[in-house]
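Okay, thanks for squeezing me in, folks. I'll put the structure up and then walk you through the parts I'd like you to look at.

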Amino acid sequence: MDELEKKDRYNKLLFIYGNLLTENRLEKIESYFALDLSLSEIAEEDGVSRNAVHLSIKEAIKELEYYESKLHLLERRERIEKLLEDDKSIDEIKETLKKERSEERRVGKEC
């Protein structure tokens with residue numbers, strides 16, 4: 001995954017799960033990914049070290065990825081978008097999602 005794809009993914013995760021982050025982490029990761037500020041610019045603005053900003057963003061990313069690994073909201077959104085791109089009807093999309101949920105439950109019970 002190249003840097004642009006990572007940035008896009010983190011912005012999507014931020015949109016979905018951002019409110020679950022602490023205010024401090026949310027401000028820093030938004031500044032970095034959404035506003036495209038450098039670590040140095042964020043550090044100067046907040047009066048902290050560049051390393052502190054880096055660590056805060058790293059932990060925020062880790063937290064966002066954790067939420068996605070448990071809830072799969074971005075994954076589901078992307079599947080729905082793909083189905084819509086493939087010109088599927090709403091009924092076909094609902095049926096596909098119902099099958100996926102059944103499969104997830106079956107696999108969950110086996111674990």
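**Core, rings and pocket**

Let's start inside. The largest nonpolar core has 18 residues, and the ones touching the most other members are Leu21, Ile29 and Ile57. Keep in mind as we go that this is a predicted model. Which elements give two or more residues to this core? Those are α1, α2, α3 and α4. The biggest share comes from α4, with six residues.

Take Ile57, since Ile57 is one of those well-connected members. If you skip its neighbours within four places in sequence, Ile57 is in contact with Lys28, Ile29, Tyr32, Phe33, Leu39 and Ile42.

Now look at Ser56, which sits in helix α4. Buried or exposed, what would you say for serine 56? It's buried, because its relative accessibility is 10% and the cut-off for buried is under 20%. Again leaving out neighbours within four places in sequence, Ser56 is in contact with Asn24, Arg25 and Lys28.

Okay, aromatics. How many aromatic pairs does the count come to? Four. One of them is Tyr17 with Tyr67: the ring centres are 5.9 Å apart and the planes are at 35°, so we call that pair tilted. Tyr17 lies in helix α1 and Tyr67 in helix α4, residues 50-71, so the pair ties together parts that are 50 residues apart in sequence. Both partners are buried, Tyr17 as well as Tyr67.

There's also a cluster: ring pairs link Tyr10, Tyr32 and Phe33. Hold on to those names, because they come back right now: Tyr10, Tyr32 and Phe33 are among the residues lining the largest pocket.

So, the pocket. The volume of the largest pocket is about 200 Å³. Besides those three aromatics, the lining includes Glu3, Leu4, Lys6, Lys7, Asp36 and Ile61. Two helices, α1 (3-17) and α2 (23-34), each supply at least two of the lining residues. Which one gives the most? That's α1, with five residues. And if you sort the lining by class, you get five nonpolar residues, four charged ones and no polar ones.

One of those lining residues, Asp36, deserves a second look. Asp36 lies in the loop between α2 and α3 (39-46). Its phi is near 60°, which is positive, and this isn't a glycine. Asp36 counts as exposed because its relative accessibility is 55%, with the cut-off at over 50%.

Where else do we get a positive phi in a residue other than glycine? At His72, with phi near 55°. You'll find His72 in the loop between α4 and α5 (73-85). With a relative accessible area of 27%, His72 is partly exposed.

Last stop, Phe15. This phenylalanine is in helix α1. Is Phe15 buried or exposed? It's exposed, with a relative accessible area of 67%. And here's a long hop in sequence for you: Phe15 and Leu74 are 59 residues apart along the chain, while their C-alpha atoms are separated by 9.7 Å.

That's my tour. If you want one thing on screen while we chat, rotate to the Tyr10, Tyr32 and Phe33 ring cluster, and then look at the pocket lining those residues belong to. Happy to take questions.

Technical notes. Residues numbered from 1 in each chain as written. Predicted model: local features only at pLDDT ≥ 70, side-chain atom pairs only at ≥ 80, totals over all residues. Heavy atoms only, no water. 1 Å grid on protein atoms, 1.4 Å probe; cavity = no way out; pocket = protein on both sides within 12 Å on 5 of 7 lines; lining within 4 Å. Points joined across faces, edges and corners; volume = space filled by probe spheres on them. Helix = DSSP H or I, 4+ residues; strand = E, 2+ residues; numbered from the N terminus. Nonpolar A, V, L, I, M, F, W, Y, C, P; charged D, E, K, R; others polar. Phe/Tyr/Trp six-rings, centres within 6.5 Å; stacked < 30°, edge-to-face > 60°. Buried < 20%, exposed > 50% of the residue type's maximum accessible area, 1.4 Å probe, protein only. Contact = heavy atoms within 4.5 Å. Core = buried A, V, L, I, M, F, W, Y, C linked by side-chain atoms within 4.5 Å.
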